[in-house]
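Notebook open. I want to look at one chain by itself and then at how it meets its partner.

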There are 2 protein chains.
Amino acid sequence: MKPGPRRSISQADIVDSAFEILEQKGFAAVSVRGVAAALGLTPTAMYTYFPSKNALLRAMVEQVLSTLDLDAARHSGTPWRDRLHALAAELRARLAEHTGAIVLVTSGPLDGPHARALGETLIAGFTSERMPLADAARAAHAVRAHVLGAAALDVAERPGEASVAAERTPLWTEATAYPLTEAAEALGADDDAGFAWALDRLLDGFATATAAPH
Amino acid sequence: MKPGPRRSISQADIVDSAFEILEQKGFAAVSVRGVAAALGLTPTAMYTYFPSKNALLRAMVEQVLSTLDLDAARHSGTPWRDRLHALAAELRARLAEHTGAIVLVTSGPLDGPHARALGETLIAGFTSERMPLADAARAAHAVRAHVLGAAALDVAERPGEASVAAERTPLWTEATAYPLTEAAEALGADDDAGFAWALDRLLDGFATATAAPH
DNA sequence: ACCTGAACACCGTTCAAGT
DNA sequence: ACCTGAACACCGTTCAAGT
C-alpha cells in the first residue's frame with residue numbers, strides 16, 4: 001500500500017464509517033483521524049473528500065434526511081394528517097437511531113438539499129389543505145421544531161453515556177421537591193404515544209386557526 | 001503568584017467566564033484550558049471546581065435555566081396561557097442570547113434542579129386548568145420540546161459562523177427546486193410572531209383535547 | 001487526483017509535588 | 001484545600017512530497 005491514485009473509497013463510504021463510529025463510541029469519538037483509521041487511510045487523505053470536519057458532519061445530516069420517504073408524504077392517496085404523522089415519526093426514529101444525531105443537527109446550519117426538500121414537502125402538505133401560504137410555512141416550521149425538540153429531549157432524558165454517577169444530582173433534594181413530575185413519571189408515559197398525542201394537538205390547533213382565521 | 005490555598009474564584013465566576021468565551025468565540029472555543037487562561041489559572045486548577053468539562057457544561061445549562069422567572073409563571077394573577085407565553089418566550093430568548101447555547105442543552109442530560117423545576121412548573125400550570133395529570137405531563141413535555149426545537153432551528157437558519165462560503169450548497173440547483181419555501185420566505189416571516197403563533201396552536205390543541213377527552 | 005509523513009497549534013485529563 | 005508543572009494520549013488542519 002503506497003501512495004498514488006487509489007480511489008478505493010467514496011464520500012458515502014466515509015459517511016457510513018463515521019456513523020458506525022457515532023453509534024459505537026458516541027459523538028466525541030467521531031474524529032477525522034478516527035474515521036480515517038477505520039478506513040485504513042491517513043488523516044490527511046480525508047481532506048481529499050471533505051474540506052473540513054464540519055463538512056463531514058453536514059454530509060452526515062444530509063444522509064440521515066435522505067432516508068426520509070418524501071414521496072410517500074407527497075402521495076395524496078391517504079389524508080395529509082396521516083402522511084404527516086408517518087413522516088414525523090420517521091424523522092424522529094432516524095434521529096433516535098444513532099445517539100448524538102441531534103447534536104449533529106443542532107451544531108450547524110440545516111440548509112442542505114434534503115433539509116430544504118423536507119421543508120418544501122411540509123409546506124406543500126399544509127397548503128393542500130387550503131391553508132394560506134404564510135400559515136403553512138409557520139406550520140411547517142412548527143412541525144420541524146416539534147420533531148427536533150422531541151428528539152433532543154429524548155436523548156436528554158436518556159440515562160446518558162456522559163453522566164458518570166458522581167456527576168449526577170446529589171441527595172440534597174431531601175423531600176420530593178417535584179411531586180407532580182414524580183407522580184406523572186409513576187403513570188409510566190410512553191414516549192411514542194406522547195409524541196403522537198402532542199403532534200395531534202398541534203395539528204388540531206392548525207385546524208382551528210384555518211377554520212376561524214384571525 | 002505561587003501555589004497555595006487562594007480561593008480567589010468561585011464556580012459561578014468560572015461559569016460566567018465560560019459564557020463570555022461562548023459568546024465571543026463560539027462553542028468550540030469553550031475549553032478547559034481557555035477558561036482557565038481567561039481567569040489566570042492553570043488548566044489543572046479547574047479540576048478543583050469541576051470534575052470534568054462535561055460538569056462545567058452542565059453547570060452552564062443550569063445557570064441559563066436559573067434566570068427563568070418561575071415565580072412569575074406560578075403566580076395565578078394572570079391567565080395561565082399568558083404566563084406560559086411569557087415563560088416560553090423567556091426561555092427562547094435565553095437560548096438565543098448566546099450562540100451555541102442549544103448545543104449545550106442538546107449535548108447532555110437535562111436533569112439539573114432548575115431543569116426539573118421548570119418541568120414541575122409547567123405541569124402545575126396545566127393541571128391548574130383542570131387538565132388530567134397524564135395529559136398535563138405530556139403537554140409540559142410538548143412545550144419544552146417546542147421551545148427547544150424552535151431555538152435549535154433559529155441557530156440552524158442563522159447565517160452560521162461555521163459555514164464558510166466554499167462549504168455552502170453549490171449552484172447545481174439550477175431551477176428553483178423549492179418554490180413554496182422561497183415564496184414563503186418572500187413573505188418575510190417574523191420569527192417571534194411565528195413562535196407565538198405556533199405556541200398558540202399547540203395550546204388550542206390542548207384545549208380541544210381537554211374539552212372533549214378521548 | 002489521491003495519498004503519505006512530518007509538523008503546528010491545540011485539546012481533556014492525570015499525577016506528583018508544593019503551600 | 002488550592003494550586004503548579006510536567007506529562008499522556010489525543011485533536012483539526014497545513015504543507016511539501018511522492019505516484
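My entries below go from the fold of chain A to its contact with chain B.

Entry 1, the model. I noted up front that this is a predicted model.

Entry 2, the fold. I looked up the secondary structure of chain A and got 10 helices and 0 strands. Reading along the sequence, I wrote the pattern down as α-α-α-α-α-α-α-α-α-α.

Entry 3, packing. Chain A has 214 residues, and I find 45% of them buried. Next I checked contacts in chain A with a separation of 6 or more: 67% of these come from residues 24 or more positions apart. For the accessible surface of chain A I have about 10,800 Å², with 57% of that on carbon and sulfur atoms.

Entry 4, the contact. How many residues does each chain put into it? I get 66 from chain A and 65 from chain B. The area buried between the two chains is about 5,500 Å², and carbon and sulfur atoms give 67% of it.

Entry 5, polar links. I looked for salt bridges between chain A and chain B and the count was 0. Polar contact does turn up there, in 11 residue pairs, both residues at pLDDT 80 or more.

Entry 6, the side of chain A that touches chain B. The elements giving two or more residues to this side are α3 (53–66), α6 (101–106), α7 (113–127), α8 (133–157), α9 (179–186) and α10 (191–211) of chain A. Which element gives the most? That is α8(A), with 19 residues. Sorting this side by class, I have 36 nonpolar, 17 polar and 13 charged residues.

Methods:
Residues numbered from 1 in each chain as written. Chains lettered and ligands numbered in written order. Predicted model: local features only at pLDDT ≥ 70, side-chain atom pairs only at ≥ 80, totals over all residues. Heavy atoms only, no water. Helix = DSSP H or I, 4+ residues; strand = E, 2+ residues; numbered from the N terminus. Buried < 20%, exposed > 50% of the residue type's maximum accessible area, 1.4 Å probe, protein only. Contact = heavy atoms within 4.5 Å. Areas by Shrake-Rupley, 256 points an atom, 1.4 Å probe, with all protein chains shown as cover. Buried area = accessible area lost by both parts, 1.4 Å probe. Salt bridge = Lys/Arg side-chain N within 4 Å of Asp/Glu carboxyl O. Polar contact = N/O pair within 3.5 Å; in protein donor to acceptor, adjacent residues only side chain to side chain. Nonpolar A, V, L, I, M, F, W, Y, C, P; charged D, E, K, R; others polar.
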